[in-house]
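Here's a walk through the structure, one region at a time. Keep the 3D view open and follow along.

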Amino acid sequence: MSDRTEHKEIYKLTAKTFHGLEKILSSELKKIGASEITILKRAVSFTGDLEVIYKANYLLRTAINVLWKIHTFKAKTSDELYLNVNKINWDKYLDLNETFSIDKTVYSTFHSHSHFAALKVKDAIVDYFNTKYNKRPSVNIKTPDKKIHLHIKGSECTISIDTSGDALFKRNYRKDTDVAPLNEILAAGMVMMTDYKDIEYFYDPMCGSGTILIEAARIFMKMPAQYSRKKFGFLKFANYNYRLWNSIKRNAEKEINREINIKIIGTDINEKIITIARKNISNAGLRHYINIQTKDFINSKFENKRGLIVTNPPYDIRIKSENINNLYKETGNTLKRGFKGWKAYIFSGNKEAVKNIGLKPEQKIILFNGKIECRLLKYEIY
Ligand SMILES: C[S@@+](CC[C@H](N)C(=O)[O-])C[C@H]1O[C@@H](n2cnc3c(N)ncnc32)[C@H](O)[C@@H]1O
């Protein structure tokens with residue numbers, strides 16, 4: 001098949017995300033030309049050609065990974081699972097000399113031992129090659145060439161190949177961290193939920209390693225989410241189309257707006273973390289667009305400016321509660337005194353501490369940071 005027609009094959013795909021970001025992800029998918037978009041739990045399914053797969057990996061800000069569904073079937077026993085996986089034409093998806101790993105998500109009483117189910121899938125793939133070639137591809141859990149995903153819900157089984165490879169929150173700009181950094185996908189999703197039209201300033205007063213600032217800058221500038229990343233799972237696929245991939249990157253580069261009017265600024269009380277943030281910002285190619293400095297937010301002022309704060313104060317439950325309650329109380333007081341006319345979004349996993357802010361939230365959005373239930377609280381400061 002020629003380059004032109006090859007990428008017109010339509011693939012069944014699923015993008016995974018965090019709880020609470022499904023709607024944003026589905027609107028991102030619409031923008032890149034995906035079809036048959038359906039919101040699921042912590043995922044969105046869709047269809048698209050190679051162009052959609054490449055754009056999904058390069059541009060989506062709220063996807064953890066993009067899976068290509070290669071086979072769906074019913075299996076109530078491990079033998080049925082084995083037989084169905086063994087029947088797949090694995091030559092199409094995996095080379096004898098490549099390594100692979102099996103990821104699993106299992107919600108099923110038929111397959112209550114998810115590890116055993118994954119082992120069956122591995123055996124079925126290995127036996128496929130051994131029977132045909134008397135040779136087999138090896139398993140590599142840490143850095144596989146191909147990541148194969150097993151999803152089971154009841155007796156419904158799906159086998160997919162991960163087109164992303166490493167998870168898409170690994171944007172490749174954050175090399176060092178100190179305090180618990182925010183996941184890049186959550187940071188991007190949060191910024192996308194705010195109203196950032198008509199602002200002069202975007203400010204993260206407790207910026208830590210700079211994740212919110214970097215994701216915000218990329219959103220405002222229309223810079224691809226994966227601008228700093230070189231590796232993707234699909235680069236090793238038999239159907240990889242070099243010309244198509246390069247043209248997608250070139251076109252995305254042309255869309256970047258380096259003349260934005262929003263001033264993006266960050267502060268943190270910890271000097272060491274500001275040094276780390278500076279490095280990350282530079283790795284992200286944003287040195288000229290984000291200004292940061294070491295500063296205590298408490299009792300600071302920024303009056304008479306139209307601005308938006310998005311921040312993630314400490315909410316570590318290990319920190320002594322009276323200190324954390326006081327930090328939230330003083331944060332609320334600082335906002336009231338020094339940030340009149342601003343909007344502020346505070347993201348926290350500490351339900352008790354946020355009560356001390358002393359302002360009534362206009363909006364509460366529930367998001368999950370791993371297993372921790374968090375809230376994104378919106379305040380209008382009068
Ligand atoms: C949960 S971390 C933020 C993580 C950040 N979103 C990231 O992705 O790396 C909270 C940050 O608040 C900072 N902080 C705590 N009290 C502060 C204060 N009074 N003024 C400014 N920053 C403060 C801490 O130093 C820490 O870096």
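## Helix α2 and the glycine after it

Right after α2 comes G33, a residue with a positive phi, near 90°. This is a predicted model, so read every angle and contact here as computed from that prediction. The helix itself covers residues 22-31, and I24, L25, S26, E28 and L29 are its buried residues. Note that the buried set includes S26 and E28.

What do the buried residues of α2 pack against? Their partners are β1, β2, β3 and α6, the last of these being residues 184-193.

## Two non-glycines with positive phi

G33 has company when it comes to positive phi. E36 has a positive phi of about 45° even though it isn't a glycine, and you'll find E36 in strand β2. Is E36 buried or exposed? With 11 other C-beta atoms within 10 Å, E36 is exposed, because a residue with 12 or fewer counts that way.

The other one to click on is K222, where phi is positive at about 60°, again without being a glycine. K222 sits in the loop between α7 and α8 (242-255). K222 has 14 other C-beta atoms within 10 Å, so it is classed as partly exposed.

## The eight-stranded sheet and strand β1

Now for the sheet. It's an open one with 8 strands, and the order across it is β2-β3-β1-β4-β8-β7-β5-β6, with mixed pairing. The edges are β2 (35-40) and β6 (138-139), each of which pairs on one side only. That puts E36 in one of the edge strands, since E36 belongs to β2.

Strand β1 (residues 11-16) has a partner on either side in that order, β3 and β4. With β3 (residues 43-48), β1 pairs in the antiparallel sense over 6 bridges, and one bridge in β3 matches Y11 with G48. On the β4 side (residues 65-74), the two strands also run antiparallel, joined by 4 bridges. There, A15 has V66 as its bridge partner, while K16 stands opposite N65.

## A15 and the nonpolar core

A15 is worth a longer look. The largest nonpolar core holds 99 residues, and A15, L213 and A217 touch the most other members. That core draws at least three residues from each of domain 1 and domain 2.

Which residues does A15 contact, once neighbours within four places in sequence are left aside? They are L25, L29, A43, V44, A56, L60, A63 and V66. Two of these turned up earlier: L25 and L29 are among the buried residues of α2. V66 is also familiar, as the bridge partner of A15 in β4.

## Two domains and where they meet

The domain assignment gives domain 1 as residues 3-162 and domain 2 as 184-223 + 255-380. Taken over C-alpha atoms, the centres of the two are 36 Å apart. The contact between them takes 9 residues from domain 1 and 12 residues from domain 2. On the domain 1 side, the touching residues divide into 4 nonpolar, 4 polar and 1 charged.

## Around the ligand

How many residues surround the ligand? There are 22, and the closest are P181, M206, G208, S209 and T211. The elements that contribute two or more residues to this shell are α7 (211-221) and β10 (263-268). By class, the shell has 14 nonpolar, 6 polar and 2 charged residues.

## Strand β12, covered on both faces

Last stop is β12 (residues 307-311), where 5 of its 5 residues are buried. In a regular strand, side chains alternate between the two faces of the sheet. In β12, G307, I309 and T311 point one way, L308 and V310 point the other way, and all of them are buried.

Its neighbours run parallel to it. β12 pairs with β9 (residues 201-204) over 3 bridges in the parallel sense, with G307 as the bridge partner of Y201. β12 also pairs in the parallel sense with β13 (residues 343-348), over 4 bridges. In that pairing, V310 stands opposite Y345.

Terms used. Residues are numbered from 1 along each chain as its sequence is written. This is a predicted model: local features need pLDDT of at least 70, side-chain atom pairs count only at pLDDT 80 or more; totals for chains, interfaces and linings use all residues. Two strands pair if DSSP finds at least two bridges between them. A nonpolar core is a set of buried Ala, Val, Leu, Ile, Met, Phe, Trp, Tyr and Cys residues joined through C-beta atoms within 7 Å. A residue is buried if 20 or more other C-beta atoms lie within 10 Å of its own, exposed if 12 or fewer, and partly exposed in between; C-beta atoms are placed from the backbone. Domain bounds come from an automatic or database domain assignment. Two residues are in contact if their C-beta atoms, placed from the backbone, lie within 7 Å. A residue is near a molecule or strand if its C-beta atom, placed from the backbone, lies within 6 Å of it. Ala, Val, Leu, Ile, Met, Phe, Trp, Tyr, Cys and Pro count as nonpolar, Asp, Glu, Lys and Arg as charged, and the others, Gly among them, as polar.
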